[in-house]
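Okay, thanks everyone, I'll keep this short. Have a look at the structure on the screen and then I'll walk you through a few spots.

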Amino acid sequence: MKTIYKNDEPQEILQWKRKFKNKNGRVPRYSDLNEDKNLPHKIFLKNSLISEQGHICCYCCKPIKTDNSHIEHIRPKERDEYRAMSLEYENLLASCQGYHDREENCGHSKDNIFDEELFVSPLEENCESLFEFNDRGKIKAADGNERAAYTIELLNLDTEQLNAARTEAMWVSGAMDELTEDECQKLLHKYENVDERGRYAGFSDAIVYQLKQQLAYFCLLYTSDAA
């Protein structure tokens with residue numbers, strides 16, 4: 001998981017909401033997007049979410065595009081207490097359809113289950129610090145964090161397929177190589193940021209974690225030498 005910084009709601013969506021309210025006498029709900037036959041506002045909205053996330057899933061960081069993702073509601077739209085938030089931009093993200101597009105993890109695994117106190121949202125600052133990855137791509141809660149453990153289980157993030165994909169991404173990136181401190185810093189800068197197309201590398205959260213581990217080792221060496 002990586003922290004997502006929300007952009008302003010797209011003007012096209014705001015304008016559609018205003019027109020809908022003027023015409024129907026009420027604010028639109030998420031279900032009203034499915035009935036929009038004239039303009040593809042739902043697709044536009046999804047693409048806006050994908051873009052602001054750097055083209056990766058809001059939960060597992062798998063690369064996503066329009067046809068292998070869905071609009072995810074942090075607070076489930078089918079829960080009575082959250083129905084009024086079904087089209088609030090701050091409640092919307094883009095999630096993958098599961099690693100093999102079989103709806104086995106991330107937003108589809110979460111479905112309508114949600115604990116306000118326990119769930120780790122990708123909108124939280126430094127949410128990535130609550131998770132760790134070993135050299136086989138396995139995700140776990142950092143320091144046994146209860147919220148991270150709950151979120152991993154709820155989103156089904158610890159699957160063989162995801163672990164294998166993270167492992168491959170970490171090795172291909174060079175994060176698992178023996179690096180100098182300078183090489184490590186350069187790779188960290190690369191994978192912490194989007195590329196020239198505005199895209200993060202797939203599973204960059206695991207890559208960044210491994211690079212930070214290497215840098216922490218260098219710091220430990222310097223501390224030992226100073227002592």
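Before I start, one term: when I say polar contact, I mean a pair of N or O atoms within 3.5 Å, where, within protein, one has to be able to donate a hydrogen and the other to accept it. And please keep in mind that this is a predicted model.

With that in hand, let's start at lysine 6. Lysine 6 sits in the segment before helix 1, which covers 11-24. Is lysine 6 buried or exposed? Its relative accessible area is 18%, and since buried means under 20%, lysine 6 counts as buried. So what does its side chain find in there? A polar atom of the lysine 6 side chain lies 3.2 Å from the backbone oxygen of tyrosine 89. A polar atom of that side chain also lies 2.6 Å from the backbone oxygen of leucine 92. If we skip the neighbours within four places in sequence, the residues in contact with lysine 6 are Leu49, Glu52, Tyr89, Glu90, Leu92, Leu93 and Leu123.

Leu92 and Leu93 take us to strand 2, residues 92-96. Strand 2 has 5 of its 5 residues buried, so the rest of the structure largely encloses it. Both of its faces are covered, with Leu92, Ala94 and Cys96 buried on one side and Leu93 and Ser95 buried on the other.

Which way does its partner run? Strand 1, residues 69-73, is antiparallel to strand 2, and 5 bridges join the two. In that pairing, glutamate 72 stands opposite leucine 93, and histidine 70 stands opposite serine 95. Strand 1 is also largely enclosed by the rest of the structure, because 5 of its 5 residues are buried.

Okay, on to the core. In general, nonpolar side chains in soluble globular proteins tend to be buried together. Here the largest nonpolar core has 60 residues, and the ones with the most contacts inside it are Leu45, Tyr59, Phe119, Phe131, Leu157 and Leu211. Which helix gives the most to this core? That's helix 8, residues 204-226, with 7 residues. Let me pick out leucine 157: leaving aside neighbours within four places in sequence, its contacts are Tyr59, Cys60, Cys106, Ile139, Ile152, Leu162, Asn163 and Arg166.

Next, helix 7, residues 181-192. At 1.5 Å a residue, its 12 residues should span 16 Å, and its end C-alpha atoms are indeed 16 Å apart, so that agrees. Its buried residues are Cys184, Leu187, Leu188 and Tyr191. Looking down the axis of helix 7, those buried residues fall within an arc of 105 degrees, so they line one face of the helix. On the other side of helix 7 you'll find Lys186, His189 and Lys190, which are exposed.

Last, let's zoom out. The protein has 8 helices and 4 strands, and from the N terminus on the order is α-α-α-β-β-α-β-β-α-α-α-α. Along the principal axes, the C-alpha atoms fill a box of roughly 70 × 35 × 35 Å. Of the 227 residues, 48% are buried. And if you take contacts between residues at least 6 apart in sequence, 66% of them join residues at least 24 apart. That's my tour, thanks.

Notes: Residues numbered from 1 in each chain as written. Predicted model: local features only at pLDDT ≥ 70, side-chain atom pairs only at ≥ 80, totals over all residues. Heavy atoms only, no water. Core = buried A, V, L, I, M, F, W, Y, C linked by side-chain atoms within 4.5 Å. Buried < 20%, exposed > 50% of the residue type's maximum accessible area, 1.4 Å probe, protein only. Contact = heavy atoms within 4.5 Å. Expected span 1.5 Å × (residues − 1). Arc of directions from axis to C-beta. Pairing = 2+ DSSP bridges.
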